[in-house]
Protein chains: 2
Amino acid sequence: MPGEFELIRRHFSRPAHGAVLGAGDDCALVAPSVGMELAISTDMLVAGTHFLPGTDPCHLGWKAVAVNLSDLAAMGAQPRWILLAISLPEARDEWLAAFAEGVFACAARFSVELIGGDTTRGPLNLCLTALGEVPPGEALRRDRAVAGDDLWVSGQPGFAALGLAHLQGRTRLAEALAARCVDALNRPLPRVELGLALRRRHLARAAIDVSDGLLADLGHVLDGSRVGAEVLLAGLPQPIVGVEAELARRCQLTGGDDYELVFCAPPAQRDQLVDLSADLGIPLSRFGRVVDAPPGSLRVIDEHGQPFGIATRGYEHFA
Amino acid sequence: MPGEFELIRRHFSRPAHGAVLGAGDDCALVAPSVGMELAISTDMLVAGTHFLPGTDPCHLGWKAVAVNLSDLAAMGAQPRWILLAISLPEARDEWLAAFAEGVFACAARFSVELIGGDTTRGPLNLCLTALGEVPPGEALRRDRAVAGDDLWVSGQPGFAALGLAHLQGRTRLAEALAARCVDALNRPLPRVELGLALRRRHLARAAIDVSDGLLADLGHVLDGSRVGAEVLLAGLPQPIVGVEAELARRCQLTGGDDYELVFCAPPAQRDQLVDLSADLGIPLSRFGRVVDAPPGSLRVIDEHGQPFGIATRGYEHFA
């Protein structure tokens, strides 16, 4: 059986032209662009918590990178480099080959380079660190929303959570819908281009990516900005058809894993955001507004103007 | 039980004055020094592989940071920032408090700031990422050793491995020696000042930190530089007394976890290195030389000038 270092070389050593020194030394070396700030994020994915045991390793590789790039997207940063630490119960060549394929496919799609990492033995665990660049003072933070801002969300939140419910047998989707939902779960597309455009065109005041649930992550923006929000279900994308309405709604409001962006923008930007949506081919839905209310407080209003009760806002690891 | 976000806030949110934006958003933001290269390293520590289950969480926090800073030391980089991703089977307040104490103690000792991270549920796993700065072209790499260079090692490699042998009941050390060895295992001191001095004074051509074993890590330098080496046992620090001689020697040659530096320097630097050792109060031992031989090849010579047989060079995770 090949040793640790041979395995790393075989599957993860590819030239990193955007780095001064890529994988293989004590550290990677990079030369940041002069005058830019660095945005850095680290995310850990654990079998059974973030993905189902037995998940296709190629999907897993893609998703590990995508989840991390989503954090850069939410700051409006240009992704540049990633590092990957991985713990594996056993080093199977075939598994590693498929996993690396997913990692490099996602990295290539978003023009980032794998510049280093670590491989060790242990329960399956993936830890990605991503670095991106953003002009000073322009990052999209969580703490800049103000009362009066519109709430926006990209894409169709809820598909990934429905995919998970389907895989876990909690619902039974028709074949085509199941395929779409499971794909959303397995191969999320981080909204890098959207985050960059929001930042460059100065359209959003605050942003976050939806990893724990639309309401949960919106709640972090509200906490950080010390404001409340009014969420209008009528403003969200049409609930997915072919599913129990209540499940579809719950997945939309509290399902994570789609890695859509939620952002707060002044009403004066509405026309520009509609144009941006068309330019990028990404649906953008205006689903409420930021209000002057106790920090973190949320009022959800249904299509009939009535308060809509929710038991939970999303996923908490130790709740 | 407090939720994930409350736990993170409670134990890991401290102001990071050296960052534009610390923990709590999608990404941390930092402003790298103009004209410097960034050295970046990520290391994963797994219970049962890198530390004994039941290790004091304060020691664990210290060690997780120390191991990572050691990689920066081996490049001659000035440590600046760290990120910490952690997976825990359960979130116990007391454990987290002690762990955070160790993390922040090591960070303070080496003037780095914790700027972000991730907390999740799963088998105990710690993934640290460290960032440091180094002037362009001056990092101490693995691939720059040349035949004729001297081999040097800092400190007393072998103490940590002996400490582990003691804790595992493979040997029985006297109380004072046991305390010293276990301390070397639990609270390694990364050789940051040494790495910086070697780089600033241009004394070393190539360097690596000893994490997997003196011979194993030296082997990576030899592989990278496409050279061989002759190791003289007479040049290494005196084997530790009060231990079976064979175990002491094995720990010295193949034990990891001391996080000493091995480096290659031209013979013309000998006097300066002796001065540096005195300046820093760190023992430096000249234990052989780089030779023109098959890449990665090692000849170990005992005190009588005879070849010394070794079964293994160090630790390999999947060997």
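Modeller: Let's start with a rule: two strands count as paired if DSSP finds at least two bridges between them. One more thing up front: this is a predicted model.

Biologist: Okay, what makes β2 of chain A and β1(B) a pair?

Modeller: Strand β2 (residues 37-46) of chain A and β1(B) share three bridges, and the rule asks for at least two, so they pair. The pairing is antiparallel. Within β1(B), Leu29(B) stands opposite Ala39(A).

Biologist: Which strands make up the open sheet, and in what order?

Modeller: Five strands, in the order β4(A)-β3(A)-β5(A)-β2(A)-β1(B), with mixed pairing.

Biologist: Why are some called edge strands?

Modeller: Because an edge strand pairs on one side only, the name goes to β4 (113-121) of chain A and β1 (28-30) of chain B. On average, neighbouring strands of this sheet are turned by 20 degrees against each other, ignoring direction.

Biologist: And what does helix α2 of chain A touch on the sheet?

Modeller: Helix α2 (residues 57-75) packs on it, touching β2, β3 and β5 of chain A as well as β1 of chain B. Its direction makes about 35 degrees with that of β5(A). Helix α3 (residues 93-109) of chain A lies across β3, β4 and β5 of chain A, at about 165 degrees to β3(A).

Biologist: Over in chain B, how do you know that strand β3 is mostly covered?

Modeller: Buried means under 20% relative accessible area, and nine of the 11 residues of β3 (residues 78-88) of chain B are buried.

Biologist: How many bridges join β3(B) to β5 of chain B, and how many to β4 of chain B?

Modeller: Nine antiparallel ones to β5(B), where Leu83(B) has Thr129(B) as its bridge partner. β3(B) has eight to β4(B), running parallel, and there Leu88(B) is matched with Arg121(B). Both counts satisfy the minimum of two, so both are pairs.

Biologist: How do you know how the two copies are related?

Modeller: Chain B lands on chain A with an RMSD of 0.0 Å after a turn of 180 degrees and a shift of 0.0 Å along the axis. That's why they are related as by a two-fold rotation axis. In chain B, the C-alpha nearest that axis belongs to Val34(B), at 3.1 Å.

Biologist: Why say the copies meet through the same surface?

Modeller: Because 100% of the interface residues of chain B are interface residues in chain A too.

Conventions:
Residues are numbered from 1 along each chain as its sequence is written. Chains are lettered from A and ligands numbered from 1 in the order in which they are written. This is a predicted model: local features need pLDDT of at least 70, side-chain atom pairs count only at pLDDT 80 or more; totals for chains, interfaces and linings use all residues. Side-chain values use heavy atoms; hydrogens and water are left out. Helices (H or I, at least four residues) and strands (E, at least two) are DSSP runs, numbered from the N terminus. Axes are lines fitted to C-alpha atoms, for helices over the stretch in contact, and angles run from 0 to 180 degrees between N-to-C directions. Contact means heavy atoms within 4.5 Å. Copies are superposed by least squares on the C-alpha atoms of residues with pLDDT of at least 70 in both. Buried means under 20% relative accessible area, exposed over 50%, partly exposed in between (1.4 Å probe, protein chains only).
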